[in-house]
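Hi everyone, thanks for coming. I'd like to walk you through one model today, so please have a look at the screen.

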Amino acid sequence: IEHMYQYSLDSFVTFLGKAIEKAKQSDDIKERSANLISMIRMTIFRWVNRGLFERHKLTFCALLTFSLLQLGKLEEEYSFAYYNFLLRGPTRTDVENPLSDWLPNQAWFGVQKLIELEGFEMFAQNMEKDAAPRFKEWFNELAPEEAKLPLDWKRLDNHPLQKMLVIRVLRPDRMTITMASWIRSVLPNGRDYIDCDGSSSFFEVLTSSYEDSSAVTPIFFIL
């Protein structure tokens with residue numbers, strides 16, 4: 001755990017109070033509750049997110065998203081096997097790569113573990129024997145996460161978490177972009193979280209941070 005990350009209860013209570021003040025007023029209890037929940041959630045998230053190093057922000061969003069997925073709060077179904085595969089990226093190195101003219105050995109070794117997951121049993125055979133040229137074409141795409149996979153695997157466009165497993169194995173260089181895109185689509189208002197402050201200018205972020213400060217709350221700049 002990064003030693004720079006320290007969040008106090010006093011700070012949490014302060015930002016909780018600010019969120020309550022900012023939440024839109026309403027005489028309807030349900031509407032007021034929804035407004036409070038939305039504002040508190042985003043205010044606390046932004047507070048934590050602004051205190052993270054840039055390289056850790058996507059990890060933070062991913063952890064939140066998978067936690068909600070595990071709790072059944074999102075539409076997509078949670079699978080521990082898929083989650084574990086994404087985290088560990090296991091490989092099996094005792095199988096020769098028959099597509100070595102275009103596919104790196106590490107990718108083929110990953111495919112050998114992917115086919116152990118439910119629903120992916122035929123993936124290696126399809127790659128090797130049924131549609132090798134089409135898989136090669138997909139593999140060489142600049143943005144394979146946006147392109148349909150060959151054969152019946154194009155159905156994974158409707159199951160982005162499963163398609164992310166294929167990206168993890170064959171094009172790990174696109175995982176960061178793929179993960180961010182998945183979070184935007186699966187998380188309610190996901191764009192607000194994954195792109196938090198991303199479209200704001202430095203002046204706008206600084207102004208917002210200044211509004212959250214006080215005479216006894218310093219602002220630290222880590223350059």
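Let me begin with a definition: when I say helix, I mean a DSSP run of H or I with at least four residues, and helices are numbered from the N terminus. With that in hand, leucine 86 belongs to helix H4, residues 80-88. Please keep in mind that this is a predicted model.

Let's stay with that leucine for a moment. Is leucine 86 buried or exposed? Its relative accessible area is 8%, and the cut-off for buried is under 20%, so leucine 86 counts as buried. And what is leucine 86 in contact with, once we set aside its neighbours within four places in sequence? The partners are Phe66, Leu161, Met164, Leu165, Arg168 and Met175. Another residue to look at alongside it is isoleucine 167: the two are 81 residues apart in sequence, yet their C-alpha atoms are 9.7 Å apart in space.

Now let's zoom out to the whole chain. There are eleven helices and zero strands. The radius of gyration is 22 Å, and the globule rule gives 17 Å for 223 residues, so the chain is more spread out than a compact globule. Along the principal axes, the C-alpha trace spans about 65 × 45 × 30 Å. Of the 223 residues, 39% are buried. If you take contacts between residues at least 6 apart in sequence, 54% of them join residues at least 24 apart. As for the surface, the chain exposes about 14,300 Å², with carbon and sulfur atoms supplying 54% of that.

On to the inside. The largest nonpolar core has 57 residues, and the members that touch the most others are Phe120, Phe123, Met127 and Leu170. Which helix gives this core its largest share? That is helix H8, residues 160-170, with seven residues. Let me pick out phenylalanine 120: beyond its neighbours within four places in sequence, its contacts include Tyr82, Trp153, Leu156 and Leu165.

Some of those names come back when we turn to aromatics. Tyr82, Phe120, Phe123, Phe135 and Trp153 form one aromatic cluster. Tryptophan 153 also has a charged companion, with arginine 155 lying over its face at 4.7 Å from the ring centre. Elsewhere, the charged end of arginine 171 sits over the ring of phenylalanine 139, 6.0 Å from its centre.

How many aromatic pairs are there? The count is 13. One of them is phenylalanine 45 with phenylalanine 60: the ring centres are 5.4 Å apart and the planes are at 15 degrees, so this pair is stacked. Phenylalanine 45 is in helix H2 (residues 29-50) and phenylalanine 60 in helix H3 (residues 54-70), so the pair ties together parts that are 15 residues apart in sequence. Phenylalanine 45 is also buried, at 5% relative accessibility.

Last stop, for those of you who like backbone angles. Leucine 151 has a phi near 55 degrees, a positive value in a residue other than glycine. Leucine 151 is in the loop between helix H7 (132-139) and H8, and is partly exposed, at 24% relative accessible area. Asparagine 189 is not a glycine either, and has a positive phi of about 55 degrees. Asparagine 189 is in the loop between helix H9 (175-186) and helix H10 (190-194), and counts as exposed at 55%.

That's my tour, and thanks for listening!

Terms used. Residues numbered from 1 in each chain as written. Predicted model: local features only at pLDDT ≥ 70, side-chain atom pairs only at ≥ 80, totals over all residues. Heavy atoms only, no water. Phe/Tyr/Trp six-rings, centres within 6.5 Å; stacked < 30°, edge-to-face > 60°. Helix = DSSP H or I, 4+ residues; strand = E, 2+ residues; numbered from the N terminus. Buried < 20%, exposed > 50% of the residue type's maximum accessible area, 1.4 Å probe, protein only. Lys NZ or Arg CZ within 6 Å of the ring centre and 35° of its normal. Rg over C-alpha atoms; globule rule 2.2 N^0.38 Å. Contact = heavy atoms within 4.5 Å. Areas by Shrake-Rupley, 256 points an atom, 1.4 Å probe, with all protein chains shown as cover. Core = buried A, V, L, I, M, F, W, Y, C linked by side-chain atoms within 4.5 Å.
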